[in-house]
Amino acid sequence: MKTEISVIIPNYNCKQYLAKALNSVIAQKNVNLEIIVIDDGSTDGSVDWLKKAQNTFPQLVILEQENTGVVNVRNRAIAAAKGDYIAFLDADDYWSDDKLYEQLGYMKEHPECVLSFTNYMHVNEDYKPIVDCFSFWPEFSKFVDKKNMGYQNLESPMDLLIFANVIGTSSVMVKRSAINYVGRFDNVLNSASDWDCWLKLARIGDVAFSPRVAMDYLMRAGSITANRKNRLNAMKEIVSRCKRDAGMIAQIKAQARILECYGEYYREIGAKFKALSTTTAAFTLFPHKRNLRHLLHDLKNTFTTAP
C-alpha cells in the first residue's frame, strides 16, 4: 500500500526520549506511514536502540551520518521520503493519537494547502503542562475561531507569521512536492531555518491550522538560552528576506518582535540597561500586553536597589 506520510525524526543523543516519540507515531490510526529516524552522530547508544526497535516496527527507517546539524539532517530525510506528505517530529516531543489522521484529511480535501500545523503544549521535564502556544501569542488568538477545533485556513499568513512564529515544527505537516519546490531548509542560516521554511511555503500556497493541542513540546533546561544569539541574527536575516511579501504594519511588528527577543537575551545575561532600552523600543513600535509586561519588569529591575 502506498505510503501517505513520511514522518521525519532527527536524533542526536536523545535515546532517553525516543521510545515516547516513536510510540506516539505508532499509535496513529488510519494512515499509511513510514518513520524515518536520521541519527546525527549520536554517542549515547541511540542507533543500537533504534536497530532493536526496527525488529518490532518494520515501517522504521534508520539513516546514519556524521554530526552536521539538524538542518542537513532534515534535508537528507526529505530527500529519502516516499510519502506525498511529510510530518516532522523532534525526538523529545510527542503527538496525540489522532493527530496525523485529521491533519492528512484536511490537506487531502484542500490540495492548495501546502502547510498545516496545530496548537501545542509546552511541558517541563516532568511532563507537566506550562502553557499552550496559541495562548502565549495574543496576536494570534484573534484569528482563532474557538468554536471550531478543526482545521481552518490562516488569512494573510505572511503578515502574521513574519512576526508571530506560532508554528511548532513537531506539529507541522507539509506537501513533499511543495517543500522540495521551495528548496527545503536553508543550511546557510545558523538558526530558525524552520521559520524561514514556513515563510517560503506561505508564499506559494495556503496555510492551515487547528487550535487543538495535538503535540507536547518538551522544554529542556538550557535549550533556548544557549542558541539565543544565533537565533537573533537569523531572525534579522529572515525578516529582511520578506520585505516584498509582507505589509508595512507586519514588518513593523516583526522589528518589534526582534527587539523583544533582544530584550529577553539581555535580561538573561544581566545587562539591565540594554534590556530596558530594547524593551522600550519594542513597546514603542508595537504596544501590546506582553511588551508592556516586559517593560514594567525591566523598569523595576533597573531602578530598584536591592537591600
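**Group meeting: a walk through the model, starting at Arg228**

Okay, let's start with Arg228. If you skip its neighbours within four places in sequence, the residues in contact with Arg228 are Cys261, Glu264, Tyr265 and Glu268. Before I go on, a quick reminder that this is a predicted model.

Where does that arginine sit? It's in helix α10, which covers residues 228-241. And is Arg228 buried or exposed? Its relative accessibility is 13%, and because the cut-off for buried is under 20%, Arg228 counts as buried. One of its contacts is worth a zoom: the side chains of Arg228 and Glu268 make a polar contact of 2.5 Å.

Keep Glu264 on screen, since we can use it to hop to another residue. Glu264 is in contact with Arg228, and Glu264 also turns up on the contact list of His294. The rest of that list, again without neighbours within four places, is Glu260, Arg267 and Thr279. His294 belongs to helix α13, residues 289-303. With a relative accessible area of 15%, this histidine is buried. As for Thr279, it's 15 residues away from His294 in sequence, and the C-alpha to C-alpha distance is 6.7 Å.

Now to helix α12, residues 272-285, where we find Phe283. What does Phe283 touch beyond its neighbours within four places? The answer is His288, Asn291, Leu292 and Leu295. Phe283 is partly exposed, at 23% relative accessible area. If you want a sense of distance across the model, go from the C-alpha of Phe283 to the C-alpha of Ala91: that's 36 Å, for a pair 192 residues apart along the chain.

Between α12 and α13 there's a loop, and Pro287 is in it. This proline is exposed, with 52% relative accessible area. You can pair it with Lys253: the two are 34 residues apart along the chain, with their C-alpha atoms 9.5 Å from each other.

Let me switch to another part of the chain. Cys113 lies in strand β6. How much relative accessible area does Cys113 have? The value is 0%, which means it's buried. Its contacts, setting aside the neighbours within four places, are Tyr106, Met107, Lys175, Asp206 and Ala208. Val174 is another residue to look at here: its C-alpha is 8.4 Å from that of Cys113, although the two are 61 residues apart along the chain.

Staying with buried positions, have a look at Asn75 in helix α3, residues 70-80. Asn75 has 13% relative accessibility and counts as buried. Once you exclude residues up to four places away, Asn75 touches Arg184 and Phe185.

Next, two backbone oddities for those of you who like Ramachandran plots. Which phi does Asn30 have? It's positive, about 65°, and Asn30 is not a glycine. This asparagine is in the loop between α1 (15-26) and β2 (33-40). At 63% relative accessibility, Asn30 counts as exposed. The second one is Tyr127, also not a glycine, with a positive phi of about 60°. You'll find Tyr127 in the loop between β6 (113-123) and β7 (129-132). Tyr127 is partly exposed, at 31% relative accessible area.

Let me zoom out to the whole chain. How many helices and strands are there? We've got 13 helices and 10 strands. The C-alpha trace spans about 65 × 40 × 35 Å along its principal axes. For 307 residues, you'd expect a compact globule to have a radius of gyration near 19 Å, and the chain comes in at 20 Å, which agrees.

On the inside-outside balance, buried residues account for 52% of the 307 in the chain. The accessible surface comes to about 14600 Å², and carbon and sulfur atoms hold 52% of that. What about the contacts along the sequence? If you take contacts between residues at least 6 apart, 77% of them join residues at least 24 apart. And on charge, there are 38 positive and 35 negative charges, with mean positions 4 Å apart.

To leave you with one picture, go back to Glu264: it's in contact with buried Arg228 from α10, and it's in contact with buried His294 from α13. That's my tour, thanks.

Definitions and conventions: Residues numbered from 1 in each chain as written. Predicted model: local features only at pLDDT ≥ 70, side-chain atom pairs only at ≥ 80, totals over all residues. Heavy atoms only, no water. Helix = DSSP H or I, 4+ residues; strand = E, 2+ residues; numbered from the N terminus. Buried < 20%, exposed > 50% of the residue type's maximum accessible area, 1.4 Å probe, protein only. Polar contact = N/O pair within 3.5 Å; in protein donor to acceptor, adjacent residues only side chain to side chain. Contact = heavy atoms within 4.5 Å. Rg over C-alpha atoms; globule rule 2.2 N^0.38 Å. Areas by Shrake-Rupley, 256 points an atom, 1.4 Å probe, with all protein chains shown as cover. Lys, Arg positive; Asp, Glu negative; His and termini not counted. Charge placed at Lys NZ, Arg CZ, Asp CG, Glu CD.
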